[in-house]
Amino acid sequence: MFKLYSKGCEYALRALLCVMADRDKKRFRARSVCKQAGIPEAYSRKVFQSLVQGGFLRAVLGPGGGYELMRDPAEITLLEVIRAVDGEDTFGECILGFALCGGDKPCPFHELWGNARSELLERLGAQTMATLAAAQASRQLGDVRVDLPKRRGRPKKTPAG
């Protein structure tokens, strides 16, 4: 089944949104972000390591250490985060999972997926974390977990909806 991004990427996006929501704090601890974002703490090391390797965060060692945001959220795109966590070729595989799908042996969805993928990559490359953080703040929901698009299934009904 097709998925837009992995669970690890979902956690990375949640973590970044939580960090950006509290811009007054220059440095933060993984434990507090995990609690706020609803990320299992045992999984956080891998998520934060991907964000450090991607150049989004900097690890600060020693007493008072933790992590710091390295880039302006207005310059971080969703596509960059997805690729940093899930890999550069995240959207390059056949949507039906056929290993031999390609120009010579296209699957039934090859052309349709190719066109949709191009538009998706363009939109993900244009959407910044600052835009998502602003949308989060304007909704004043306080819980990042309800705002991120779900990868599958039906959205949960909210009291207002």
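Guide: A residue counts as buried when its relative accessible area is under 20%, as exposed when that area is over 50%, and as partly exposed in between. The model above is predicted, and both Arg-14 and Glu-10 are buried in it.

Visitor: What makes the contact between Arg-14 and Glu-10 a salt bridge?

Guide: The label asks for a side-chain nitrogen of Lys or Arg within 4 Å of a carboxyl oxygen of Asp or Glu. The closest N and O atoms of Arg-14 and Glu-10 are 2.5 Å apart, and the pair therefore meets that cut-off. Both residues lie in helix H1, which covers residues 7–21, and they stand 4 residues apart, about one turn of the helix.

Visitor: How do you know that Glu-41 and Arg-31 form a salt bridge, and what does the pair tie together?

Guide: The closest N and O atoms of Glu-41 and Arg-31 are 3.2 Å apart, which is again within 4 Å, so the definition is satisfied. Glu-41 belongs to helix H3 and Arg-31 to helix H2 (residues 30–37), so the pair ties together parts that are 10 residues apart in sequence.

Visitor: Why are Glu-41 and Arg-31 given the classes they have, buried, partly exposed or exposed?

Guide: Glu-41 has 38% relative accessibility and counts as partly exposed, because that class takes in values between 20% and 50%. Arg-31, at 60% relative accessibility, counts as exposed, the cut-off for that class being over 50%.

Visitor: What makes Glu-68 and Arg-58 a salt bridge, and which elements hold them?

Guide: The closest N and O atoms of Glu-68 and Arg-58 are 2.9 Å apart, and therefore the pair passes the 4 Å limit. Glu-68 lies in strand S3 (residues 66–69) and Arg-58 in strand S2 (residues 57–60), so this pair, too, joins parts that are 10 residues apart in sequence. Glu-68 is buried, with a relative accessible area of 6%, whereas Arg-58 is partly exposed at 37%. Elsewhere, salt bridges that share partners join Lys-7, Glu-10 and Arg-14 into one network, and a search of the whole structure finds 7 salt bridges.

Visitor: Why is Ser-44 called buried?

Guide: Ser-44 has 4% relative accessibility, which is under the 20% cut-off, so the term applies. The residue lies in helix H3, residues 41–53, and, not counting residues up to four places away in sequence, touches Ala-30 and Cys-34.

Visitor: Which residues of the largest nonpolar core touch the most other members?

Guide: Among the 33 residues of that core, they are Leu-16, Phe-48, Leu-51, Leu-57, Val-81 and Met-129. H1, H2, H3, S3, helix H4 (78–86) and helix H6 (129–139) each give two or more residues to this core, and H1 gives the most, with 10 residues. Leaving aside its neighbours within four places in sequence, Val-81 is in contact with several residues, including Cys-9, Leu-16, Leu-51 and Met-129.

Visitor: How do you know which term fits H1 and H2: parallel, antiparallel, perpendicular or oblique?

Guide: The axes of H1 and H2 come within 9 Å and cross at roughly 105°; angles from 65 to 115 degrees count as roughly perpendicular, and the two helices are therefore roughly perpendicular to each other. The contact is made by Arg-14, Ala-15, Cys-18 and Val-19 of H1 together with Val-33, Gln-36 and Ala-37 of H2. These residues divide into 5 nonpolar, 1 polar and 1 charged.

Methods:
Residues numbered from 1 in each chain as written. Predicted model: local features only at pLDDT ≥ 70, side-chain atom pairs only at ≥ 80, totals over all residues. Heavy atoms only, no water. Buried < 20%, exposed > 50% of the residue type's maximum accessible area, 1.4 Å probe, protein only. Contact = heavy atoms within 4.5 Å. Core = buried A, V, L, I, M, F, W, Y, C linked by side-chain atoms within 4.5 Å. Axes fitted to C-alpha atoms, helices over the stretch in contact; angles between N-to-C directions. Parallel < 35°, antiparallel > 145°, perpendicular 65-115°, else oblique. Nonpolar A, V, L, I, M, F, W, Y, C, P; charged D, E, K, R; others polar.
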